[in-house]
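Hi,

Here's the structure I said I'd pass along. Have a look at it first, and my notes on the helix packing follow underneath.

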Amino acid sequence: MLNLATLAKSRFYARDETFKPFAGQTLAMIFTKPSARTRVSFETGFFRLGGHALYLDPNTIQLGKREPTKDIARVLSGYNDAIMARLFAHADLLELAQYASVPVINGLTDYNHPCQIMADVLTIIERKGRFEGVKLVYVGDGNNMVNSWLRLSTRFAFEFVCVCPPGYEPDAATVKMAQDAGISKVTVTNDVRSAVVGADVIYTDVWASMGQKDTLEVKMRDFAAYQVNEQLMALAGPQALFMHCLPAERGLETTDAVVEAPYSVVFQEAENRMHAQNGVMLHCLAKTSVL
């Protein structure tokens with residue numbers, strides 16, 4: 001999928017208008033959790049490769065409310081070549097995948113965000129020349145992004161350190177799965193200053209995700225020592241890149257100076273969402289012959 005993403009990106013920059021592997025195909029995009037980045041990157045990417053994407057907003061789809069999720073999965077499968085879903089509940093995604101007869105792509109759930117991770121790996125490879133063997137330190141809440149990195153650590157060999165305040169550690173079962181796999185070095189710690197030293201990548205995310213903003217006041221107190229600022233980046237060393245899945249709340253989990261610094265790759269990372277997702281869709285729709 002990463003090779004396909006790289007190919008799609010090269011054709012995009014070459015403005016190759018003959019590269020239309022999705023010509024005549026449609027993608028249904030289900031959103032119960034709104035997002036500008038996810039919609040634009042999927043819709044634009046699918047269109048640029050010759051297909052047509054349909055946006056189904058929360059009021060239109062009403063997943064599991066107006067109609068059972070398993071019925072929606074089968075109806076949309078009859079019309080479309082693939083389904084992308086950005087949802088709150090991971091169980092809803094699993095039910096869609098169970099009953100759909102076309103590929104279902106996880107655009108995000110409260111449990112994980114695999115498309116973002118694909119974009120992140122692509123960005124690290126472009127910047128570092130490799131991904132395996134890097135030290136990636138995540139600073140912040142043990143959320144769906146952390147779960148995604150943990151699951152990736154069972155596929156690629158790298159060092160992953162999750163640094164979070166006490167009480168905000170990631171899902172214990174996912175941590176155990178990652179550590180038991182024995183492929184990557186996986187650590188969860190509360191000591192942010194020691195953890196970041198020698199990191200190739202410092203990664204963070206918002207302290208309170210969509211649907212959790214009522215917890216922000218408490219988190220601002222609990223996470224005060226976990227802001228990724230210029231001092232923390234200096235402690236990591238000159239080799240460290242700064243990454244963030246965006247949108248960033250500047251002044252909270254990171255600072256304006258860090259986002260705008262030369263070591264920040266957040267906008268390259270954001271663009272790579274489209275290219276990485278194109279790689280995923282090329283794989284899911286069996287377009288590997290384009291390589």
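**Two helices against α13**

α6 crosses α13 in a right-handed fashion. Before you read too much into that, remember that this is a predicted model.

On the geometry of that pair: α6 covers residues 114-128 and α13 covers residues 266-284, and the two pack at an angle of about 115° with their axes 7 Å apart. Angles of 65 to 115 degrees count as roughly perpendicular, so that is how α6 sits relative to α13.

If you want to pull up the contact, select Cys115, Gln116, Met118, Ala119, Asp120, Leu122, Thr123, Glu126 and Arg127 on the α6 side. Their partners on α13 are Gln268, Glu269, Asn272, Arg273, His275, Ala276, Gln277 and Val280. By character, the residues of this α6–α13 contact split into six nonpolar, six polar and five charged.

The other pair I looked at is α2 with α13. Helix α2 (residues 36-48) packs on α13 at about 55°, and their axes are 9 Å apart. The two are therefore oblique to each other, and their crossing is right-handed.

From α2, the contact uses Arg37, Thr38, Ser41, Phe42, Thr44, Gly45 and Phe46. From α13, Ala270, Arg273, Met274, Gln277, Asn278 and Met281 take part. Here the contact residues come out as five nonpolar, six polar and two charged.

One thing to look at on screen: Arg273 and Gln277 of α13 are listed in the contact with α6 and also in the contact with α2.

Cheers

Definitions and conventions. Residues are numbered from 1 along each chain as its sequence is written. This is a predicted model: local features need pLDDT of at least 70, side-chain atom pairs count only at pLDDT 80 or more; totals for chains, interfaces and linings use all residues. Side-chain values use heavy atoms; hydrogens and water are left out. Axes are lines fitted to C-alpha atoms, for helices over the stretch in contact, and angles run from 0 to 180 degrees between N-to-C directions. Helices (H or I, at least four residues) and strands (E, at least two) are DSSP runs, numbered from the N terminus. Angles under 35 degrees count as roughly parallel, over 145 as roughly antiparallel, 65 to 115 as roughly perpendicular and the rest as oblique. A crossing is left-handed if the near helix is turned anticlockwise from the far one by less than a right angle, and right-handed if clockwise. Contact means heavy atoms within 4.5 Å. Ala, Val, Leu, Ile, Met, Phe, Trp, Tyr, Cys and Pro count as nonpolar, Asp, Glu, Lys and Arg as charged, and the others, Gly among them, as polar.
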